[in-house]
Amino acid sequence: MQNFHNLRVWNEANSLAIAVKRLTTRFSKADHGSLRNQMGRSAESIADNIAEGCGAATNAEFARYLDMAIKSSSELESQIERSHGYALIRSHERESLATQVCNVRKMTWGLRIKVLTLESRSRRDPVLPPRPDHERRTDHGQRIPDDGGESARRRTKDG
């Protein structure tokens, strides 16, 4: 588990969501209210899935949330293109948003690969078993040799 505030990708995704919300406020609710709402939800979903994934119990689960964020970024990119086609946003706004979306998607993809790599390593590297008895150590780090229980038998025999 990690703090999503510390992830550059989350900060970029959060900034993107704010930019999209500000831009879409000028869309007519009557004519393009559904596109306006969907663009806001898609943009927020990117940042929210990254944040939610940070609370995941496993790396595999975190990667699944990152995958959802990647899908939301593709959805948002499609909506940006549509809003430009409807002449709701200018060309320079489309270019700026599309660049931000692509950058966030690349960063999210990179983080997902890193998380999946960590997951596969954790499955390959089993937890080390406890030391065998012959490698027991004292509190001071000195080895305690294993004599097969001879010293215990001697103590009981010798009394």
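This is a short walk through one protein chain, from its overall plan to a few single residues. The model is predicted.

Start with the confidence of the prediction. The pLDDT of the chain averages 85, and 77% of the residues score at least 70. One stretch falls well short of that: over residues 127–135 the pLDDT is below 50. Beyond near neighbours in sequence, this stretch has seven contacts in the model. Where pLDDT is low, the predicted coordinates should not be read in detail.

Now look at the plan of the fold. The chain has five helices and two strands. Follow the sequence from its start and the pattern reads α-α-α-α-β-β-α. Of the 159 residues, 32% are buried. The accessible surface comes to about 10400 Å², and carbon and sulfur atoms account for 50% of it. Next, take the contacts between residues at least 6 apart in sequence. Of these, 66% join residues at least 24 apart.

What holds the middle of this picture? Look for the largest nonpolar core, which has 31 residues. Leu7, Leu16, Ile46, Ile50, Phe62 and Leu76 have the most contacts inside this core. Four helices each supply at least two of its residues: α1 (8–24), α2 (29–54), α3 (59–85) and α4 (91–124). Helix α2 gives the most, with eight residues. Phenylalanine 62 is a good place to stop. Setting aside residues up to four places away in sequence, Phe62 touches Gln2, Leu7, Ile50, Gly53, Cys54, Ala56, Leu111 and Val115.

Helix α2 deserves its own visit. At its N-terminal end sits a cap, serine 28. A side-chain oxygen of Ser28 lies 3.3 Å from the backbone nitrogen of alanine 30. Further along, α2 has a kink of about 30°, centred on serine 45. Serine 42 is in α2 too. Is serine 42 buried or exposed? Its relative accessible area is 2%, so serine 42 is buried. Leaving out residues up to four places away in sequence, Ser42 touches Ser72, Glu75, Leu76 and Gln79. One of these, Leu76, was named above for its contacts inside the core.

Move on to helix α3, where serine 83 lies. Serine 83 counts as buried because its relative accessibility is 0%. A polar atom of the Ser83 side chain lies 2.8 Å from the backbone oxygen of isoleucine 80. An α-helix has 3.6 residues a turn, so residues three or four places apart point the same way. Serine 83 also touches Phe27, Leu35, Met39, Leu88 and Ile89, again not counting residues up to four places away in sequence.

Step out of α3 and you enter the loop between α3 and α4, the place of alanine 87. Alanine 87 has a positive phi of about 65°, although this residue is not a glycine. Its relative accessibility is 64%, so alanine 87 counts as exposed.

The last stop is serine 120, in helix α4. Serine 120 has a relative accessibility of 30%, so this residue counts as partly exposed. Serine 120 and asparagine 59 are 61 residues apart along the chain. Where does that leave their C-alpha atoms in space? They are separated by 9.1 Å.

Conventions:
Residues numbered from 1 in each chain as written. Predicted model: local features only at pLDDT ≥ 70, side-chain atom pairs only at ≥ 80, totals over all residues. Heavy atoms only, no water. Core = buried A, V, L, I, M, F, W, Y, C linked by side-chain atoms within 4.5 Å. Buried < 20%, exposed > 50% of the residue type's maximum accessible area, 1.4 Å probe, protein only. Contact = heavy atoms within 4.5 Å. Areas by Shrake-Rupley, 256 points an atom, 1.4 Å probe, with all protein chains shown as cover. Bend = angle between axes of the 7 residues up to and from the residue. Polar contact = N/O pair within 3.5 Å; in protein donor to acceptor, adjacent residues only side chain to side chain. pLDDT = per-residue confidence, 0-100.
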